[in-house]
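User: I'm new to reading protein models and I'd like to go through this one step by step. Can we do it as questions and answers?

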Amino acid sequence: MQFLNRAALALAFALPLSAVPVAAQHYKWDFTILGGYSWLNGNILDRADFDFIDGEIIDGDLDRENFGLGSGGTVGTQLGYWFNRRFGLRLNGAYTASDISRTRLFFNDPVIIDPLFRPFDHDVNVWNLTGDLMVRFNTPRTRWDGFEFLPFLAVGLGATWLNPAGNEFNVVNEFPIVDPFDPLLDGDIGDGIDAIPLRCSTIILARCAVLEKNTSFTGLIGLGMDLRFSPKFGARLEFGDRIWGVSVKEVAFDPDFPFIFREIGDLGKTVNQLYLTIGGSFLFGLQYPPARAVVAPPPRPAPPPPSTEEITVCIVDPMYAQGLRTITATRNLSTGDTTVVKNGDRMPLSQLVANVPVASNSSWYISGAPLEIGMAPNKIQYVSVGGARHIEAGELAYIGTVNSIPVFADRLTLAPGLANLGPNTDLNQLTTASPDARKALETVAVIYVPLQPTGCVFQALQKQQEIRKK
């Protein structure tokens, strides 16, 4: 009872110190079912503490070894309460199946040597209960948002109950009766503390070292990790040490009735109960993340209608080899103005072609006179036929100029003598200086002159036939 009182008092002081209020507390419960293994390290009786065997009587060290508790499987449960996300408390209970496997000796009495000088394997039940302070090394999320692992440190105080299985022997401090065959013997003589004899001797004084059923103050330290797999279920892995004492007593007994003992000394030791456990945890209080409403983005406003457009324009260029070329221009859809880029600068298209000579600006065309090529008496005259028309640039061949106005002919019917002419050919001078060129030009029935500098708009001119008097 003294051990239980000490454990309860220490735990009463530890719990208030750990439960410090924290702003924005997040409350959560967990319940864990565990299984694993415990290693009970440390002797419960050293041979030097109780060595009554005379080597001359029994040869060897049959009864001179140390005694310890056997390791065994462990099961347990834990109920945890987290008063914020880093600190919590838990009630931690465990059971371990242990044993003692040694040879015990009773001798110097021929009556009892045979049944008591034998190997034995005695089961021992070990129960642990502690209240633990839990400290996490990292801060968990306040609500479930996917898997996470949470390592922690546990420090606790409590008690351990050591209970020999069965009730084979008792320690009874009141020992009034020595004759087991006395008819006045009542049943109370066997009532006492359950115990397991470890080593006995009757050489000098009939006495034994026995392991008693007892309750002892226990300390715990452990390292573990919580694994969260869902908002309501997780796993816990933990390795730690429970430190507690065993009650081994030196007792006297009556050789005539060796099953009842009386305590005469204390041989207790401290045991380190190392454990490794793993189990499933049921979680309470975890919140789901808030529902995230998916809001469709507002429809994009329709792009404003384009204010300009790119166009291609056919322009007359007397200095170009073909006399005509196609350029890219920008037309303003609101104003209709057309601009082009020349040498990095943007300018109106009209400015680019302002100095291009065309037939519509010539006096002969305005007055309706024929276009004359060459000098009298060998000049050739062409008169307008039909109206203005659009002709693709690829259909015409540039043959030269007349008074700076570009002159074109049909590419497919062009005489060979007029081929490869162009920008620097003045047809008036050519036909005057070269009879062959004049004869070749006479074979051209129709020529074309531009009416405007853009758009490939031409006026067809037909060769006027010469009328002679006889």
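## Loops, bridges, rings and a helix

Analyst: Let's start with a loop: Asn 343 sits between strands β18 (338–342) and β19 (345–348). Keep in mind that this is a predicted model.

User: Okay, is Asn 343 buried or exposed?

Analyst: The cut-off for exposed is over 50% relative accessible area. Asn 343 has 73% relative accessibility, so the label is exposed.

User: What is the phi of Asn 343, and what is odd about it?

Analyst: Some background helps here: most residues other than glycine have a negative phi. Asn 343 is not a glycine, yet its phi is positive, at about 55 degrees.

User: Cys 456 has a positive phi too. Is Cys 456 buried or exposed?

Analyst: Cys 456 isn't a glycine either, and its phi is about 55 degrees. You'll find Cys 456 in the loop between β25 (446–450) and β26 (457–463). Buried means under 20% relative accessible area. Cys 456 has 4% relative accessibility, so it counts as buried.

User: Let's zoom out. How many helices and strands does the protein have?

Analyst: Its buried residues make up 43% of the 470 residues. As for the secondary structure, the count is six helices and 26 strands.

User: Among contacts between residues at least 6 apart in sequence, what share joins residues at least 24 apart?

Analyst: A contact here means heavy atoms within 4.5 Å. Take the contacts between residues at least 6 apart in sequence, and ask which of them join residues at least 24 apart: the share is 71%.

User: And what part of the exposed area comes from carbon and sulfur atoms?

Analyst: The protein exposes about 25,600 Å². Carbon and sulfur atoms supply 58% of that.

User: Now the charged side chains. How many residues apart in sequence are the parts that Glu 148 and Arg 228 tie together?

Analyst: The side chains of Glu 148 and Arg 228 meet in a salt bridge, at 3.0 Å from N to O. Glu 148 belongs to strand β7 (residues 148–164) and Arg 228 to strand β11 (residues 214–228), so the parts they tie together are 80 residues apart in sequence.

User: Are those two residues buried or exposed?

Analyst: Glu 148 has a relative accessible area of 9%, which makes it buried. Arg 228 comes in at 4% relative accessibility, so this one is also buried.

User: What about Arg 331 and Glu 309: which strands do they lie in?

Analyst: Their side chains form a salt bridge too, at 2.2 Å from N to O. The pair ties together parts 22 residues apart in sequence, because Arg 331 is in β17 (residues 324–332) and Glu 309 is in β16 (residues 308–316).

User: In the salt bridge between Arg 325 and Asp 317, which residue is buried?

Analyst: Those side chains meet at 2.9 Å, N to O. Arg 325 has a relative accessible area of 31%, so it is partly exposed. At 17% relative accessibility, the buried one is Asp 317.

User: Which residues are linked in a network, and how many salt bridges are there?

Analyst: The network of salt bridges links Asp 30, Asp 226 and Arg 236. For the protein, the count is nine salt bridges.

User: Moving to rings, what kind of aromatic pair do Tyr 37 and Trp 39 make?

Analyst: A search of the whole structure finds eight aromatic pairs. The ring centres of Tyr 37 and Trp 39 are 5.1 Å apart and their planes are at 65 degrees, so the pair is edge-to-face.

User: Which residue lies over the face of Trp 82?

Analyst: Two rings here are worth a look. Over the face of Tyr 275 lies Arg 242, at 4.4 Å from the ring centre. Over the face of Trp 82, at 3.7 Å from the ring centre, lies Arg 136.

User: Last one: within what arc do the buried residues of α6 fall?

Analyst: In helix α6 (residues 435–442), the buried residues are Ala 437, Arg 438, Ala 440 and Leu 441. Seen down the axis, they line one face of the helix, because they fall within an arc of 160 degrees.

User: And which exposed residues are on the face turned away?

Analyst: The buried residues of α6 have cover that includes β20 (371–373), β21 (380–384), β23 (396–402) and α5 (427–433). On the face turned away from the buried side, the exposed residues are Asp 436 and Lys 439.

Technical notes:
Residues numbered from 1 in each chain as written. Predicted model: local features only at pLDDT ≥ 70, side-chain atom pairs only at ≥ 80, totals over all residues. Heavy atoms only, no water. Salt bridge = Lys/Arg side-chain N within 4 Å of Asp/Glu carboxyl O. Helix = DSSP H or I, 4+ residues; strand = E, 2+ residues; numbered from the N terminus. Buried < 20%, exposed > 50% of the residue type's maximum accessible area, 1.4 Å probe, protein only. Areas by Shrake-Rupley, 256 points an atom, 1.4 Å probe, with all protein chains shown as cover. Phe/Tyr/Trp six-rings, centres within 6.5 Å; stacked < 30°, edge-to-face > 60°. Lys NZ or Arg CZ within 6 Å of the ring centre and 35° of its normal. Arc of directions from axis to C-beta.
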